[in-house]
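User: Could you take a close look at one part of this model for me? I would like to see how a single residue fits into its surroundings.

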Amino acid sequence: MKIELIRLKFNNTHSYKYKLFTHCCNKIQNDKAIIFTGEDLIHSDDCLDDERYVPQFCTSHTEVITSYEDEWEQTNNYPIQFCPHCGKKIDIAVVDEIDVSDKYKELSKQRDELWRKCQRTDSKKKESELREQVRKLDDQINDFYELCEWKGEY
Ligand SMILES: [Zn+2]
């Protein structure tokens with residue numbers, strides 16, 4: 001199974017999108033304990049720094065930790081190199097890097113302007129319309145950070 005990733009650069013950070021790919025078998029696709037993620041990755045010591053945040057197929061373990069009066073869920077995701085069901089190699093490669101800073105800045109600026117207008121207006125109707133627009137922009141901005149399919153835009 002081959003997964004091609006696009007690295008997006010913006011706002012002094014970066015995120016990843018994946019190109020449409022086909023799972024090696026149905027079993028891995030339906031296996032709830034295996035996820036594709038770039039978060040909470042537990043790497044072996046010989047992992048290169050550049051690779052630490054590249055999304056991987058992982059076996060995911062979540063446990064509830066209790067300490068004194070606190071309780072929280074901790075998730076550890078262990079990258080796998082081979083499909084545990086069919087044994088095929090899982091190949092993950094960053095094939096492109098795209099700078100989307102301008103688009104990100106533009107959306108953030110629009111959002112700030114709308115929000116300012118929203119706080120200033122006396123009309124309830126206008127306010128709810130503006131809120132709705134701000135919400136849509138928030139979704140678009142959040143989408144920059146999500147690990148989701150690359151649709152070739154921004
Ligand atoms: Zn498989």
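Analyst: Happy to! Let's start from Q133, which lies in helix α3, the stretch of residues 124-143. Keep in mind that this is a predicted model. Q133 counts as partly exposed, because 16 C-beta neighbours fall inside 10 Å, while a buried residue would need 20 or more.

What does the helix around Q133 pack against? Two packed helices are described by the angle between their axes and the distance between the axes. For α3 and helix α2 (residues 101-120), the axes come within 9 Å and cross at roughly 160°. α2 is therefore roughly antiparallel to α3, and the crossing is left-handed. On the α3 side, Q133 belongs to the contact, along with residues including L130, V134, L137 and I141. From α2, the residues that meet them include L107, R111, L114, W115 and C118. Sorted by class, the contact of α2 with α3 has 8 nonpolar, 4 polar and 5 charged residues.

For a view from further along the chain, take A33: A33 and Q133 are 100 residues apart in sequence, and their C-alpha atoms are 37 Å apart in space.

The model also has an open sheet of 3 strands, ordered β3-β4-β5 and paired antiparallel. β3 (34-37) and β5 (70-79) each have a single partner strand, so they stand at the edges with one side lacking a neighbour in the sheet. Neighbouring strands here are turned by 50° against each other on average, direction ignored. Between β4 (residues 56-67) and β5 there are 10 bridges, and S60 has N77 in β5 as its bridge partner.

Notes
Residues are numbered from 1 along each chain as its sequence is written. This is a predicted model: local features need pLDDT of at least 70, side-chain atom pairs count only at pLDDT 80 or more; totals for chains, interfaces and linings use all residues. Helices (H or I, at least four residues) and strands (E, at least two) are DSSP runs, numbered from the N terminus. A residue is buried if 20 or more other C-beta atoms lie within 10 Å of its own, exposed if 12 or fewer, and partly exposed in between; C-beta atoms are placed from the backbone. Axes are lines fitted to C-alpha atoms, for helices over the stretch in contact, and angles run from 0 to 180 degrees between N-to-C directions. Angles under 35 degrees count as roughly parallel, over 145 as roughly antiparallel, 65 to 115 as roughly perpendicular and the rest as oblique. A crossing is left-handed if the near helix is turned anticlockwise from the far one by less than a right angle, and right-handed if clockwise. Two residues are in contact if their C-beta atoms, placed from the backbone, lie within 7 Å. Ala, Val, Leu, Ile, Met, Phe, Trp, Tyr, Cys and Pro count as nonpolar, Asp, Glu, Lys and Arg as charged, and the others, Gly among them, as polar. Two strands pair if DSSP finds at least two bridges between them.
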